[in-house]
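I opened this notebook to record what I looked up in one protein model. The entries follow the order in which I worked.

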Amino acid sequence: MSQYTQPHQPQQPYVPAQPPGTRPARNGLGISALVLGIIGTVSGLVPLLFWLAGILGLIALILGLAGRGRAKRGEATNKGVTTFGAVLGLVALILSVVGAVLTFKAVDDAVSDFDKALTDSSASAKPAAGGGGAAGGTEGTEGKDDVLRGGDSAAYDDGLEITVGAPSSYTAGEFAIGHTKGNSAYTVSVVIENKGKEKFDGALVTVDARAGEDGVNAEQIFDDKTGEGFTGTVLPGKKVTATYAFDTPADAKNLTVEVAPGFEWDASQWELKL
């Protein structure tokens with residue numbers, strides 16, 4: 001009698017049963033916090049990217065704190081990474097605030113300097129005592145539209161005041177530079193008074209002249225008595241005087257003197273009779 005044999009069944013691999021309550025680690029919040037914190041901190045080092053650093057830093061801080069909560073509950077295993085991401089998020093927020101302050105301050109300073117360049121450069125005419133001043137003798141009009149005469153002053157908005165005196169005949173020295181034989185020479189005194197609150201750099205002042213109806217260039221004369229010009233600083237409440245000599249054609253009847261206090265001020269002109 002034959003014996004029945006059951007066919008051999010292949011053995012299945014043994015899979016251990018998963019302990020109850022065990023779940024995969026949820027480390028995504030910590031990694032995201034670290035990545036955003038790094039990007040935010042780097043952005044905070046660039047002043048114009050302060051806004052990006054603030055956004056990324058805030059998100060990184062929130063994700064980092066949430067990730068720490070997961071780590072405390074045992075749902076995540078990257079507590080150190082999460083903590084570092086939260087710290088970087090806080091650093092990015094601080095850099096964002098600093099960058100915003102520096103940027104706004106720089107913009108404010110630029111606007112202030114621009115406004116100062118516009119407002120502090122205009123001049124008003126101040127006629128000389130006795131009424132022999134600018135056309136019409138009216139004070140307070142714009143200097144660039146007035147005709148300033150000898151003894152008149154150009155008063156600037158920042159307190160700077162420039163006065164050019166009437167011309168006087170001058171005999172140039174034997175070794176003078178700028179004087180042509182046969183031409184006439186005249187001197188004019190230029191007075192700068194600082195009535196403002198800040199010191200004024202006199203070295204930036206330029207004085208030029210044109211002579212005659214054709215307005216030919218009146219070359220400045222340098223000798224042992226004239227030509228030094230302005231030097232040094234004029235403190236608030238102080239004044240300084242310099243004498244300039246100019247070479248003019250012998251038949252010239254007038255001399256136009258232009259004084260430019262510096263780059264931030266408009267130049268003013270005086271029409272002087274010779």
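The entries below go from the whole chain to one sheet, and then to single residues and a surface patch.

**Entry 1: the chain as a whole**

I noted at the outset that the model is predicted. I then looked up the secondary structure and found three helices and 13 strands in the protein chain. The chain has 274 residues, and 37% of them count as buried. For contacts with a separation of 6 or more, I read that 68% are between residues 24 or more positions apart. The exposed area of the chain is about 16800 Å², with carbon and sulfur atoms supplying 58% of it.

**Entry 2: a four-stranded sheet**

In which order do the four strands of the open sheet lie? I found the order 8-7-12-13, with antiparallel pairing. Strand 8 (216–217) and strand 13 are the edge strands, each of them pairing on one side only. As a general reminder, I wrote down that the strands of a sheet pair through backbone hydrogen bonds, either parallel or antiparallel.

I went through the pairings in turn. Strand 7 and strand 8 are antiparallel and share two bridges, and Arg210 has Asn217 in strand 8 as its bridge partner. These two strands form a hairpin with four residues between them. In its turn I noted Gly212, which has a positive phi of about 75 degrees. Strand 7 is joined to strand 12 by six bridges, again antiparallel, and Thr206 stands opposite Ala260 of strand 12. Strand 12 and strand 13 also run antiparallel and are joined by six bridges; here Glu258 has Gln269 of strand 13 as its bridge partner.

**Entry 3: the two faces of strand 7**

Which side chains of strand 7 are buried, and which are not? Along residues 206–211 I found an alternation. Val207, Ala209 and Ala211 point to one face and are buried. Thr206, Asp208 and Arg210 point to the other face and are not buried.

**Entry 4: Thr256 in strand 12**

I next looked up Thr256, which lies in strand 12 (residues 254–260). Its relative accessibility is 9%, so Thr256 counts as buried, the cut-off being under 20%. Leaving aside residues up to four places away in sequence, Thr256 touches Asp208, Ala209, Arg210, Gln269, Trp270 and Glu271. With one of these, Glu271, the Thr256 side chain makes a side-chain polar contact of 2.9 Å.

**Entry 5: Ser268 in strand 13**

Is Ser268 buried or exposed? I found that Ser268 is buried, because its relative accessible area is 5%. This residue belongs to strand 13 (residues 268–273), an edge strand of the sheet. The Ser268 side chain makes a polar contact of 2.9 Å with the side chain of Tyr156.

**Entry 6: a nonpolar surface patch**

Finally I turned to the surface. Which residues form the nonpolar patch there? I listed Leu45, Val46, Leu48, Leu49, Trp51, Ile55 and Ile59, which together have about 680 Å² of accessible area. I checked one of them, Trp51, which is found in helix 2 (residues 50–72). Trp51 has a relative accessible area of 48% and is therefore partly exposed, since exposed would require over 50%.

Conventions: Residues numbered from 1 in each chain as written. Predicted model: local features only at pLDDT ≥ 70, side-chain atom pairs only at ≥ 80, totals over all residues. Heavy atoms only, no water. Buried < 20%, exposed > 50% of the residue type's maximum accessible area, 1.4 Å probe, protein only. Polar contact = N/O pair within 3.5 Å; in protein donor to acceptor, adjacent residues only side chain to side chain. Contact = heavy atoms within 4.5 Å. Areas by Shrake-Rupley, 256 points an atom, 1.4 Å probe, with all protein chains shown as cover. Patch = residues over 30% accessible without salt bridge, like charges linked within 9 Å, V, L, I, M, F, W, Y side chains within 5 Å. Salt bridge = Lys/Arg side-chain N within 4 Å of Asp/Glu carboxyl O. Pairing = 2+ DSSP bridges.
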